[in-house]
Amino acid sequence: MAIENILMPQLGESVTEGTIEKWLVKPGDTVNKYDSLAEVNTDKVTAEVPSSFTGVIKELIAQEGETLAVGALVCTIETEGGGVAEVAVEAVPAKAEPANEMPAAGSQKPASSLNREKGTAAGRYSPAVLRLSQDNGIDLSLVEGSGKEGRITRKDLLAIIESGNIPTAAAVTTEAPVVETAAPTSVTQTAPAPKAAEPANVPVAVGDIEIPVTGVRRAIASNMLRSKHEAPHAWMMIEVDVTSLVQYRDSLKNDFKKKEGFNLTYFAFFVKAVSQALKEFPMMNSMWAGDKIIQKKDINISIAVATEDSLYVPVINNADEKTIKGIGRDIQELAGKVRSGKLKSSEMQGGTFTVNNTGSFGSVQSMGIINHPQAAILQVESIVKRPVVMDGGMIGVRDMVNLCLSLDHRVLDGLVCGQFLARVKAILENVTAENTSIY
């Protein structure tokens, strides 16, 4: 017999960790190769961890609700073959670099020593925990972990960040009073460590409903919090007259539905216009990467699709190379997969710019949160009829729409964003039967 390890898999190109939402097996269960062992949530997708072996579950290392780095040990399986292989089953994330074990500024003892006193794995933090602590100035020696053996998890730090009560070490030097001694004595005292922030204590009254936070909702919250915390958001809006577009689309929609089998939506026209403008203003198709900005070659449009309790962001790849019909088909198929639970993780990867159809809910103005690590998100608001002063001073009723752009000010400035929005406006206002083909 041999003991084999099951590790946290890489569930997406930019995914660095996953949360064990639910175990589907227990110690002693017999599993076959490729059987599902656990449900795992990331900030991009909910997936199942398959078994790499046929055998018997030996031990579940990770706990439900625990967040682990990619490559961390989650469970062990006893398999047929060879002699008995001794396997260390301590749940240890990717080893932190020595530089990350330095004491926090002003601390009187290293973070690792205090954790050792608490009985935790000294200095062993996942890459995600280290990154969050460094980005937010959190002294890990002052945080009480809720993970296995008191280990600090990403969820612990997110709760602290949300509370705004960031624990940092501080040394207080005071002069002791002179009492009947030969000479005054200088005493250095360490300030008492603040306790890690607890979740908000919201009173629950009779008739209130408590809704458990699902893994998907937790992942959405985590990604949104990260985006708002890391990216300095700025906002712009432009007004567009889409009267010609509305007339053109309405003249085609019935025949199109009969021929193609799906609806020709206004949203497909907007996505096509955005993808065309991104090609002309490639800086809008960029991402912040710390010491550099990455300008993406492919134009892959992320679209937001909501369900009852979650929000998914599937991707239309190479949208600039597709027709309005092709984009419309992709929108139809991706939305259908989201609502039927058949969307694959690969279909939510690689997005470079997000277009959100907030107008479908009747919204006329909104400020979107950027889909990390992208640099911008465009909200397409509701098309409404309004009186407008036209050329010559005449007033007419026109179909108007607001386009609201949230941008990462580290990457983008007002000039390029204004030029981009002006180009999108020009494309949309010139959609007519004479100069626009949907095929």
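Let's start with two strands: β4 (residues 36-41) and β5 run antiparallel and are joined by 5 bridges. Keep in mind that this is a predicted model. Below, we look at the sheet these strands belong to, then at helix α5.

**The sheet**

- Zooming in on that strand pair, S36 has P50 in β5 as its bridge partner.
- Step back and you'll find an open sheet of 4 strands, ordered β5-β4-β2-β7 and paired in antiparallel fashion.
- β5 (46-50) and β7 (67-69) sit at the edges with a single partner strand each, so one side of each has no neighbour in the sheet.
- Going from one strand to the next, the twist averages 45°.

**Helix α5: length and bend**

- Helix α5 covers residues 243-260, which makes 18 residues.
- How far apart are the end C-alpha atoms of α5? They're 24 Å apart, and that agrees with the 26 Å the helix should span, because each residue counts for 1.5 Å.
- Look for a bend of about 45° at K253 in α5.
- Right after α5 comes G261, and its phi is positive, near 85°.

**Helix α5: what it packs against**

- Which residues of α5 are buried? They are T243, L245, V246, Y248, R249, F256 and E260.
- The buried residues of α5 pack against three other helices, namely α6 (266-280), α7 (324-340) and α8 (414-429).
- They also pack against the strands β11 (233-241) and β21 (395-408).

Notes:
Residues are numbered from 1 along each chain as its sequence is written. This is a predicted model: local features need pLDDT of at least 70, side-chain atom pairs count only at pLDDT 80 or more; totals for chains, interfaces and linings use all residues. Side-chain values use heavy atoms; hydrogens and water are left out. The expected span of a helix is 1.5 Å times one less than its number of residues. The bend at a residue is the angle between axes fitted to the seven residues ending there and the seven starting there. Buried means under 20% relative accessible area, exposed over 50%, partly exposed in between (1.4 Å probe, protein chains only). Contact means heavy atoms within 4.5 Å. Two strands pair if DSSP finds at least two bridges between them. Axes are lines fitted to C-alpha atoms, for helices over the stretch in contact, and angles run from 0 to 180 degrees between N-to-C directions.
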